[in-house]
Amino acid sequence: MNGTVYKSTGSWYTVKSEEGDFYECRIKGKFRTQGIKSTNPVAVGDHVGFDLETIGDETVGIITEIGERKNYIVRKSVKLSKQTHIIAANLDQVFLLVTLNNPPTFTSFIDRFLVTAEAYEIPVVLLFNKMDVYSEEEKFEVDYLIDLYTKIGYNCIQIEAKQGINVDKVKELMRGNISMFAGHSGVGKSTLVNALEPGLKLKTAEISELHMQGQHTTTFAEMYDLSFDARIIDTPGIKGFGIVDMEKHEIGNYFPEFFKLKSECKFHNCLHLDEPKCAIKEALENNEIAVSRYRSYIQMITGDEDNPYRER
């Protein structure tokens, strides 16, 4: 049988078959030794082949193969770990929820996420949530960030998930697609899913408790079929977002505004640090590239990923 993984608990996987039935499945041990460096060889969104086995009164599935992924979102599993964690696979788009405070989302986190999505050619929409609780000064800062990321080419939408404001815009983008919601704990992911599909009644408090447990909390995602021809993958909050499997010389390619200018650098292998006649450094001096974006780039190529919470 063939199906799609809708939920993972680490040892069990809920798989929806092509016929629309759900089965609880386990994985064959050999997958753990096939050179897969990730902590989870099977991720939500994966297309899998599975066999059914009857054990006593119970019918369970055994996953026998994983289909080729068109893309996935991956991060370092824990601090200082060489292993990775695949958050979700086979996505049409990702909505990254951003809040200015409670909790703060810093540009370093946004940029790491965007770079990972660019590397796997996954479109990202930035949702600036909780607009109703910001002061005028904070709204001005949100406007600055929206202007910054819109100029780079990212779709940005201001929303108020609790009040349902601009939720219809998100819903239109989701129709016919598999979308993932991501962001720190407390930014309003589950609240937004509930606004889109009130019948789901996702818990909105448990994620912050998970978040408090720190670096070693395992992150599991879950996919839901929505009534308006859309599927959503909701993810528990991500604290830090370390990039993986990227060489220094390629990271700049995943900054769209850098990529446009790199051919104008004097050296074809320019890392945009201290090299002469660097088009990216010149653009930075001329305020054509945001200082925060360049700072994020420097953090990534120097490997300074221990502290994703930095000044904005």
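**Figure 1. Lys-16 and its surroundings.** Leaving out residues up to four places away in sequence, Lys-16 touches Asn-2, Gly-3, Thr-4, Tyr-6, Asp-21, Phe-22 and Asp-225. As everywhere in these figures, what you see here is a predicted model. Lys-16 belongs to strand β2. Between Lys-16 and Val-5 there are 6.4 Å from C-alpha to C-alpha, with the two residues 11 apart in sequence.

**Figure 2. The hairpin of β2 and β3.** Strand β2, residues 13-17, runs antiparallel to β3, and 4 bridges join the two. One pairing to look for is that of Thr-14, whose bridge partner in β3 is Glu-24. The hairpin has 4 residues between its strands, and Gly-20 has a positive phi near 95°.

**Figure 3. Two faces of strand β3.** Follow β3 through residues 22-27 and you will see its side chains alternate. On one face sit Tyr-23, Cys-25 and Ile-27, which are buried. Phe-22, Glu-24 and Arg-26 point to the other face and are not buried. Strand β3 also pairs with β5 (residues 58-66): these two run parallel and are joined by 3 bridges. In that pairing, Arg-26 stands opposite Ile-62 of β5.

**Figure 4. Strand β11 and its two partners.** Strand β11 spans residues 178-182, and 5 of its 5 residues are buried. Ile-178, Met-180 and Ala-182 point one way, Ser-179 and Phe-181 point the other way, and all are buried. Strand β8 (residues 93-98) runs parallel to β11, with 4 bridges between them. Here Leu-96 stands opposite Ala-182 of β11. Strand β13 (residues 230-234) is likewise parallel to β11 and joined to it by 4 bridges. In this second pairing, Met-180 faces Ile-233 of β13.

**Figure 5. Met-180 and the largest nonpolar core.** This view stays with Met-180, which points the same way from β11 as Ile-178 and Ala-182. The largest nonpolar core has 46 residues, and Leu-126, Tyr-149 and Met-180 are those with the most contacts inside it. Helix α2 (residues 136-152) gives the largest share of this core, 6 residues. Setting aside neighbours within four places in sequence, Met-180 is in contact with residues including Ile-73, Ile-87, Ala-88, Leu-91, Gln-93 and Val-94. Phe-95, Phe-113, Ile-232, Ile-233 and Thr-235 complete that list of contacts.

**Figure 6. The second largest cavity.** The structure holds 2 cavities of 30 Å³ or more, and this close-up shows the second largest, with a volume of about 50 Å³. Its lining is made of 11 residues, and Asn-40, His-85, Ile-86, Ile-87 and Ala-221 lie nearest the centre. Strand β7 (residues 84-89) supplies the largest share of the lining, 3 residues. By class, the lining has 7 nonpolar residues, 4 polar ones and no charged ones.

**Figure 7. Asn-90, a positive phi in a buried loop residue.** Asn-90 lies in the loop between β7 and β8. Although Asn-90 is not a glycine, its phi is positive, at about 60°. Is Asn-90 buried or exposed? Asn-90 counts as buried because its relative accessibility is 6%, and the cut-off for buried is under 20%.

**Figure 8. Asn-102 and the cis peptide bond.** The loop between β8 and α1 is home to Asn-102, and Pro-103 is found in the loop between β8 and α1 too. A cis peptide bond joins Asn-102 and Pro-103, with omega about -5°. Asn-102 is a residue other than glycine with a positive phi, near 50°. With a relative accessible area of 62%, Asn-102 is exposed.

**Figure 9. Helix α4 and the protein as a whole.** Helix α4, residues 189-196, is mostly covered, with 6 of its 8 residues buried. The buried residues are Lys-189, Ser-190, Leu-192, Val-193, Asn-194 and Leu-196. For context, the protein has 9 helices and 13 strands, and 50% of its 312 residues count as buried. Of the contacts with a separation of 6 or more, 64% are between residues 24 or more positions apart.

Technical notes:
Residues numbered from 1 in each chain as written. Predicted model: local features only at pLDDT ≥ 70, side-chain atom pairs only at ≥ 80, totals over all residues. Heavy atoms only, no water. Buried < 20%, exposed > 50% of the residue type's maximum accessible area, 1.4 Å probe, protein only. Pairing = 2+ DSSP bridges. 1 Å grid on protein atoms, 1.4 Å probe; cavity = no way out; pocket = protein on both sides within 12 Å on 5 of 7 lines; lining within 4 Å. Points joined across faces, edges and corners; volume = space filled by probe spheres on them. Nonpolar A, V, L, I, M, F, W, Y, C, P; charged D, E, K, R; others polar. Core = buried A, V, L, I, M, F, W, Y, C linked by side-chain atoms within 4.5 Å. Contact = heavy atoms within 4.5 Å.
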